[in-house]
Amino acid sequence: MDDSDSKAVWDQKYQKGLPSLIKPDPFFVSAYEQQVDQVFMKPGTALDLAAGLGRHALWLAERAWRVSAVDVSDVAISRLSQTAAQLDVEIKLFAIDAAEYDFETVRFDLIVLFYHMDRTLFPKIVSALNPGGLFICKMAVQWSSEMALQRGRFQPLGKNELVSLVPGLQAVHYHERSVRDRGVVEFVGKKPIPV
């Protein structure tokens with residue numbers, strides 16, 4: 001599937017509506033309360049990659065974070081823009097594939113990535129974090145051989161793979177578990193502050 005096909009698929013999904021992607025993921029909220037609140041005395045800069053309808057970007061913006069949101073779907077970005085205006089919050093919006101985003105222009109205190117699998121993003125994420133910055137991530141994990149066959153070209157993370165993709169981060173929270181017919185990894189990584 002090329003980029004235009006992927007964009008069309010996501011535009012169509014967001015046009016139909018994905019109500020499950022409106023509220024922040026419970027792991028995100030928990031990680032924020034247990035980690036982010038403890039590290040940052042005041043809101044900083046945040047990046048929500050593959051933001052979709054902006055469930056995490058909006059939540060952060062309502063807490064005075066300076067947020068950038070990236071998603072390939074024009075429909076999602078348009079709806080996110082409308083919701084941000086209704087909530088009277090400002091979010092920098094980028095309607096591009098996360099792999100095409102220019103990570104070099106801004107450094108972030110917090111980067112969020114949920115269920116968007118692109119292994120090429122991880123080194124860019126590590127590089128784009130400020131020292132002391134946090135990366136909150138939740139991804140599908142191949143839990144059984146049947147899952148790989150059912151998913152075809154989609155290649156979820158292997159068990160224990162995520163940590164190897166972010167060698168510049170200290171794992172503050174790392175948990176893999178089975179959920180229904182698949183696995184999931186929940187991860188919070190911190191970029192060390194040079195001594």
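## Ser-73 and its loop

Let's start with Ser-73, which sits in the loop that runs between β2 (66-70) and α4 (74-87). This is a predicted model, so keep in mind that everything here comes from calculated coordinates. Ser-73 has a relative accessible area of 0%, so the residue is buried. Its side chain has company, too: a polar atom there lies 3.0 Å from the backbone nitrogen of Ala-76.

## The overall layout

Stepping back, the protein chain has seven helices and seven strands. Reading from the N terminus, the order of elements is α-α-β-α-β-α-β-β-α-β-α-α-β-β. Of the 195 residues in the protein chain, 46% are buried.

How much of the contact map comes from residues 24 or more positions apart? Taking the contacts in the protein chain with a separation of 6 or more, such residues account for 61%. As for the outside, the protein chain exposes about 10100 Å², and 52% of that is supplied by carbon and sulfur atoms.

## Aromatic pairs

If you like aromatic rings, there is plenty to look at: the structure holds twelve aromatic pairs. Take Tyr-32 and Trp-59, whose ring centres are 4.8 Å apart with the planes at 80 degrees; over 60 counts as edge-to-face, so that is what this pair is. Tyr-32 belongs to helix α2 (residues 26-39) and Trp-59 to helix α3 (residues 55-61), so this pair links distant parts of the chain, 27 residues apart. Tyr-32 and Trp-59 are both buried.

Another edge-to-face pair is made by Phe-122 and Phe-135, with 6.2 Å from centre to centre and 70 degrees between the planes. Because Phe-122 lies in helix α5 (residues 121-128) and Phe-135 in strand β5 (residues 129-141), the pair ties together parts that are 13 residues apart in sequence. Phe-122 counts as buried, at 0% relative accessibility, and Phe-135 also counts as buried, at 0%.

## A ring cluster with a charge on top

Tyr-32 and Trp-59 also belong to a cluster. Ring pairs link them with Phe-27, Phe-28, Phe-40, Trp-65 and Phe-114. Trp-59 has a charged partner as well: the charged end of Arg-63 sits over its ring, 3.6 Å from the centre.

## Helix α5 and strand β5

Which residues of α5 are buried? They are Leu-121, Phe-122, Ile-125, Val-126 and Ala-128. The cover over these buried residues includes β1 (45-49), β4 (108-114), β5 and α7 (162-165).

Strand β5 deserves a look of its own. Eleven of its 13 residues are buried, so β5 is largely enclosed by the rest of the structure. β5 runs parallel to β4, and six bridges join the two. To find one on screen, go to Leu-113: its bridge partner in β5 is Cys-137.

## Glu-161 and its neighbours

Last stop: Glu-161, in the loop between α6 (145-151) and α7. Is Glu-161 buried or exposed? Its relative accessibility is 18%, and the cut-off for buried is under 20%, so Glu-161 counts as buried.

Leaving aside residues up to four places away in sequence, Glu-161 touches Arg-119, Tyr-174 and Glu-176. With Arg-119 there is also a polar contact, made side chain to side chain at 2.7 Å.

Definitions and conventions. Residues numbered from 1 in each chain as written. Heavy atoms only, no water. Helix = DSSP H or I, 4+ residues; strand = E, 2+ residues; numbered from the N terminus. Buried < 20%, exposed > 50% of the residue type's maximum accessible area, 1.4 Å probe, protein only. Polar contact = N/O pair within 3.5 Å; in protein donor to acceptor, adjacent residues only side chain to side chain. Phe/Tyr/Trp six-rings, centres within 6.5 Å; stacked < 30°, edge-to-face > 60°. Lys NZ or Arg CZ within 6 Å of the ring centre and 35° of its normal. Contact = heavy atoms within 4.5 Å. Areas by Shrake-Rupley, 256 points an atom, 1.4 Å probe, with all protein chains shown as cover. Pairing = 2+ DSSP bridges.
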